Amino acid sequence: MNKAATAKECVAVVGIGQTKHVAARHDVSIAGLVREAARRALDDAQLTWADIDAVVIGKAPDFFEGVMMPELYLADALGAVGKPMLRVHTAGSVGGSTALVATNLVAARVHRTVLTLAFEKQSESNAMWGLSLPIPFQQPLLAGAGGFFAPHVRAYMRRTGAPDTVGSLVAYKDRRNALKNPYAHLHEKDITLEKVQASPMLWDPIRYSETCPSSDGACAMILTDRAGAARSPHPPAWVHGGAMRSEPTLFAGKDFVSPQAGKDCAADVYRQAGITDPRRQIDAVEMYVPFSWYEPMWLENLGFADEGEGWKLTEAGVTELDGDLPVNPSGGVLSTNPIGASGMIRFAEAALQVRGRAGDHQIDGARRALGHAYGGGAQFFSMWLVGADSPAA
Amino acid sequence: MPEVRTAPLVVEFPFTRSLGPVQSAFLTGLRERTVLGVRGSDGRVVVPPAEYDPVTAEEIRELVQVGASGTVTTWAWNPAPRRGQPLATPFAWVLVRLDGADTALLHALDAPGPDAVHTGMRVRIRWAAERTGAITDIACFEPERSEPEQSAGNGRQPIPHDGEFADPVTGITTPARLDYTYSPGRAQSRYIDALADRKTIGERCPSCRKVYVPPRGACPTCGVATDAQVEVGPRGTVTTFCIVNIKARHTANLDIEVPYVYAHIALDGADLALHARIGGIPYDQVRMGLRVEPVWTDDGRFPDHYRPTGEPDADYDSYKELI
Ligand SMILES: [Zn+2]
């Protein structure tokens, strides 16, 4: 076989749609919510339902939202009748891995144009309950989600000597970035650093203002091949690399502060994309930061800083919108968290940056951007690197 | 071979659902003894109504009223009704194509036995006395013994309907419940049995030699069975912790006074930390490296909390690989 027949197809993002993320969308059913995002993605790509060959959806674990089979219930809302429809499960990282499954279907030439979508209506469920099922013979989780992650934040502070103000800097930055993103949930117009630092300590060392909100929202993308990209009315984002990695939630030797699976996932993506110096070669990052301290932790895990040095980038303003490595220009998970969709929003926001279509939170001249998601007890990782230029060019 | 424990596990939650325009009209209609369907792009009437066309995927909003009587298209006898099903006595699950509809609705048919049910039989809705805007407003179907009533919507042709009702239902509660018999398996059963004697038993991986507490029966890293039991603790070291200042709904901490310390504790001899509360010391004096021991209550399966032993703090290097 010749090389053209065996090499992977290049994959492009030609349509992106999000709902305005809010605390509660009482006006729509779940079908209506996903429909809104899908419709906006189709409109962005100037495509119709008939142009879609397959649908790949993801959502948070079933208990978060009710025992359900969304792939069954949402087939008509997503135009999947007569087409393949797949559902992806990987806890909080699901939005990212869902996008990657869709990407791989195009890269493998199984389908030419795929709609991928992720959603969650946190207002109609209780994620905390979903995480705290009363398993017989097991000690109940005593502290909630923040209580699960806060000890790891303390371990990071101990390991690196980071001053305890770093978390508030991240929250202050992300909430200001969200003011430039019309789809973000939290729009705290009068946010100040003092207000962040004065907010109540919930799970010391994590303050209320350093935690993510509960949101209702959906995010959709249209992925297509080179021929589809050539017809795109707007510049596409090209997928230069994508990878997923998993590890157990608990095992002897697990590094909770900087999990090996995260390092391996990033290394794989950089290898595929030809990235040797992520700090210099990547122009914008959308990473999954549900508690503010995870920004410096992931900066190290993803290779943007040496071990122990991540917090220095945050403290020096490097990750600000006008810094030389902007992180979460959209406002991030700290400003918007429909859990099942949060990973896909990271991937979509990275794509918006390299398409030059991020609006007021656009990073000037962004050519390469990283989208990152993680989930479970830092168990699943998924990432992609998207670029303004075709990888074939 | 130890006795493997089992216990019931009930997972139950009152999920809520916003209805959107079409389901809102359908359920509010049931409250008013009116069954609504929606006309699809091919002219067929879909009951219960869908928001999006099953053929073209376009949004469909042309509501019509259909009859309260219909024809059974297929059925199955349910000899042993379960909790929450429409009838407490044996009944038939039926698909009913209501008069004027082109699709069938799933519901229950009250019939004396399977001999009284057949495909093609005529049935009608038995309305619930108390109706709230839910599918249970149809109590069940019953065999139609007389000619259909000649009132609005009871003919064979659907009637256009604007879907407007006073005081529409916009959301419903959909309680979900799953009943399991849970078994933690042999390794955890051994662990639980040992706790009754206030001993903590881990298991060592034959390959990497790490000691797992609580044991799961296998090493997640090596993928091999763990079978060597190792007693660990009772003392241990706080590897990291947080101070919990809020009581979270839907978690087990509602009965604990805040603030309290939630800590990761590496028991002596264990290769990963377990999670527990620290007591017997002011919350703001807990620190990484603190040496602790379990405090039991008479009726507790697990230690109630851990308290300082009074030993010098452990050196950071001795536990840094465990955080
Ligand atoms: Zn092992």
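This is a short dialogue on reading the domains, interfaces and strands of a predicted model.

Colleague: What should I know before I start?

Modeller: This is a predicted model: local features need pLDDT of at least 70, side-chain atom pairs count only at pLDDT 80 or more, and totals for chains, interfaces and linings use all residues. Residues are numbered from 1 along each chain as its sequence is written, chains are lettered from A and ligands numbered from 1 in the order in which they are written, and side-chain values use heavy atoms, with hydrogens and water left out.

Colleague: Which domains does the assignment give for chain A?

Modeller: Domain bounds come from an automatic or database domain assignment. In chain A, domain 1 is 3–127 + 215–230, and domain 2 is 144–213 + 239–387. The C-alpha centres of these two domains of chain A lie 23 Å apart.

Colleague: How many residues does each domain of chain A put into the contact?

Modeller: Contact means heavy atoms within 4.5 Å. Domain 1 of chain A gives 45 residues and domain 2 of chain A gives 35 residues.

Colleague: And how do I read buried area?

Modeller: Buried area is the accessible area (1.4 Å probe) that two parts lose on being put together, summed over both. Domain 1 and domain 2 of chain A bury about 2,800 Å² between them, 68% of it on carbon and sulfur atoms. On the domain 1 side, A:Gln18, A:Leu100 and A:Ser215 lose the most area to domain 2 of chain A, together 19% of what that side buries.

Colleague: How many salt bridges are counted between domain 1 and domain 2 of chain A?

Modeller: A salt bridge is a side-chain nitrogen of Lys or Arg within 4 Å of a carboxyl oxygen of Asp or Glu. The count between domain 1 and domain 2 of chain A is 2. A:Asp44 forms a salt bridge with A:Arg355, with the closest N and O atoms 2.8 Å apart.

Colleague: Which element gives the most to the domain 1 side?

Modeller: Helices (H or I, at least four residues) and strands (E, at least two) are DSSP runs, numbered from the N terminus. The elements of chain A that each supply at least two residues of the domain 1 side touching domain 2 include α2 (30–45) and α4 (94–107). α4(A) gives the most, with 10 residues.

Colleague: Now the two chains. How much do chain A and chain B bury between them?

Modeller: About 5,000 Å², 63% of it on carbon and sulfur atoms. The contact takes 61 residues from chain A and 61 residues from chain B. Across this interface of chain A and chain B, the rule finds 1 salt bridge. A:Glu124 and B:Arg17 meet through their side chains in a salt bridge (3.7 Å, N to O). Among the elements of chain A that each supply at least two residues of the side touching chain B are α6 (144–160) and β5 (201–204). The largest share, 10 residues, comes from α6(A).

Colleague: In what sense do β5(A) and β15 of chain B pair, parallel or antiparallel?

Modeller: Two strands pair if DSSP finds at least two bridges between them. β5(A) and β15 (residues 236–244) of chain B pair in the antiparallel sense over 2 bridges. A:Asp204 stands opposite B:Ile243 in β15(B).

Colleague: What is the strand order of the open sheet in chain B?

Modeller: The order is β13-β12-β14, 3 strands with antiparallel pairing. β13 (211–212) and β14 (228–232) of chain B each have a single partner strand, so one side of each is left without a neighbour in the sheet. Strand β12 (residues 200–204) of chain B joins β13(B) through 2 bridges. B:Arg204 stands opposite B:Val211 in β13(B).
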